[in-house]
Amino acid sequence: MKHIGSGRAVMGRVMGGMAEVRSEGPWIHADDGRRFLDFGGYGVFILGHRHPAVVEAVHRQIDTHPLASRVFLEPVAARAAQALAAHTPPGVDYVHFVNSGAEATEAALKLARAHGRTSVITTRRGFHGKTLGALSVTANATYQTPFQPLLPDVTQVDYDDPADLEQALAARRDRACVIVEPVQGEGGVRIPRRGYLRQVRALCSAYGALLVVDEIQTGMGRLGTWWGVDVEGVCPDVLLAGKGLSGGVVPIAAMAATAEAYGPFSRDPYLHTSTFGASPIACAAALATVRAMEAENTVARSAALGLRLLAAVREVCAPYEGGPVREVRGRGLLIGIEFAEEQAVGELLLELIARGVLVNHSLNSTRVLRLTPPAVVADAELDLFLTTLAEALRSTADRMSDRPTR
Ligand SMILES: Cc1ncc(COP(=O)(O)O)c(C=O)c1O
């Protein structure tokens, strides 16, 4: 209340007042002895909390060399880049590590400018972070308005609308950068029609635009593929990763790019730097995360589990469709429940917390509740989630229907 902010303190109280103190796998433990099944985590915990292999690698790195001088060569960053590049789309071979998703967006926007792509096209409801540059392409007036003026020359087009994009590109031939998510996460789990990403790629090539695909939320197996673009075999010029890359242990994000796109950063290693960027400790986490995902077939697990979960959530929500529930949609382990009323999201979220389950709202779509569970949940945990969701939904729907309509 006194040192972090009264708003944060009040939010914590609304959520139940407990403090989180420990975690493992899909579980978070609170200081009052309760534990919560984490189907939220804003998409970070694809490997769950504190994956043992990642924790071990990070411990080892702490005991040897957690932060580098930044003068000599440092092998852990190179190994992590190599491991990640083994899974990025063909040609997307160069990796610039940063500390957060928003920083990955910043790096991409600066790289685009270094190529003369100064006019940025983003999508309505798109989310790319909240630092000043990233915020300029995050289509949310609530977050943008207090910080105007933002970056100049940013245009919003409709998501999943190639014609709208083409119109914007035609007016900016050879000077545009397009930033897009394969599925809009914070935008409320919006899944574009099949072929959209391929059309975006073709349009960017035709009009000489740099294509940045933001996979910070959708990548690292979240959609049941390594990257959302894999479904359509699309190769972006720049791909952003974050969240799951941390292994749920140390914050890290990355901007990966083709040799051509990466050129300016390759030629001058001081052009865009940050003291803690590509630290050995964070890169050790990223490397161990990629290795753990390979060893445990996390991507295939995410796909299989996602199909089961989506079908089961649809079944649980079916009695409420046409009433409080508008639609259930998802791909892999990114699932959204869209409600008719915004209020239902908050009420259901609190009802779930009271019953020991954590989920998330969506920052750019207030009527959508978002599920981003880890790929490591066991059958019993999946069942527990579904039973709890059914109970919480019933209780929320009952409460809301008792209320006089406004
Ligand atoms: C698609 C996407 N891009 C960027 C970001 C920003 O990442 P961070 O919160 O780590 O800055 C997010 C975070 O939710 C995201 O979902």
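Helix H1 (residues 6–14) lies largely in the open, because the number of buried residues among its nine is zero. Just after H1, Gly16 takes a positive phi of about 125 degrees. These values, like those below, come from a predicted model.

**Overall form**

The secondary structure of the protein consists of 13 helices and 15 strands. With a radius of gyration of 21 Å, close to the 22 Å that the globule rule gives for 406 residues, the protein is as compact as a globular protein of that length. Its C-alpha atoms fill a box of roughly 65 × 55 × 45 Å along the principal axes. Buried residues account for 50% of the 406 residues. Among contacts with a separation of 6 or more, 75% join residues 24 or more positions apart.

**Two domains and their contact**

The chain divides into domain 1 (6–49 + 297–402) and domain 2 (52–295). Their centres, taken over C-alpha atoms, are separated by 26 Å. Across the boundary, 29 residues of domain 1 are in contact with 29 residues of domain 2. On the domain 1 side, two or more residues come from each of helix H11 (298–317), strand S11 (325–331), strand S12 (334–339) and strand S15 (368–371). H11 gives the largest share of that side, five residues.

The residue classes of this side and of the shell around the ligand are set out here.

| Set of residues | Nonpolar | Polar | Charged |
|---|---|---|---|
| Side of domain 1 that touches domain 2 | twelve residues | 13 residues | four residues |
| Shell around the ligand | five residues | eight residues | three residues |

**Ligand shell**

Which residues come nearest to the ligand? Of the 16 residues around the ligand, these are Gly101, Ala102, Gly129, Ile216 and Gln217. Helix H4 (residues 101–114) provides the largest share of the shell, three residues.

**Nonpolar core**

In soluble globular proteins, nonpolar side chains tend to be buried together. Here the largest nonpolar core has 117 residues, and those with the most contacts inside it are Ala108, Val178, Val212, Ala254, Cys283 and Ala285. Helix H10 (residues 280–295) contributes ten residues, the largest share of this core. The core draws at least three residues from each of domain 1 (6–49 + 297–402) and domain 2 (52–295).

Ala285 is one of the residues with the most contacts inside the core. Leaving aside neighbours within four places in sequence, Ala285 is in contact with Val54, Ala57, Val58, Ser246, Gly247, Val249, Val250 and Ile252.

**Ala261 in helix H9**

Ala261 lies in helix H9 (residues 259–267). Is Ala261 buried or exposed? Ala261 counts as buried, because it has 27 C-beta neighbours inside 10 Å, where the cut-off for a buried residue is 20 or more. Beyond the neighbours within four places in sequence, Ala261 is in contact with Leu111, Leu210, Asp237 and Val238. One of these partners, Asp237, is 24 residues from Ala261 in sequence and 6.1 Å from it in space, C-alpha to C-alpha.

Methods:
Residues numbered from 1 in each chain as written. Predicted model: local features only at pLDDT ≥ 70, side-chain atom pairs only at ≥ 80, totals over all residues. Core = buried A, V, L, I, M, F, W, Y, C linked by C-beta atoms within 7 Å. Buried ≥ 20, exposed ≤ 12 C-beta atoms within 10 Å, placed from the backbone. Helix = DSSP H or I, 4+ residues; strand = E, 2+ residues; numbered from the N terminus. Domains from an automatic or database assignment. Contact = placed C-beta atoms within 7 Å. Rg over C-alpha atoms; globule rule 2.2 N^0.38 Å. Nonpolar A, V, L, I, M, F, W, Y, C, P; charged D, E, K, R; others polar. Near = placed C-beta within 6 Å.
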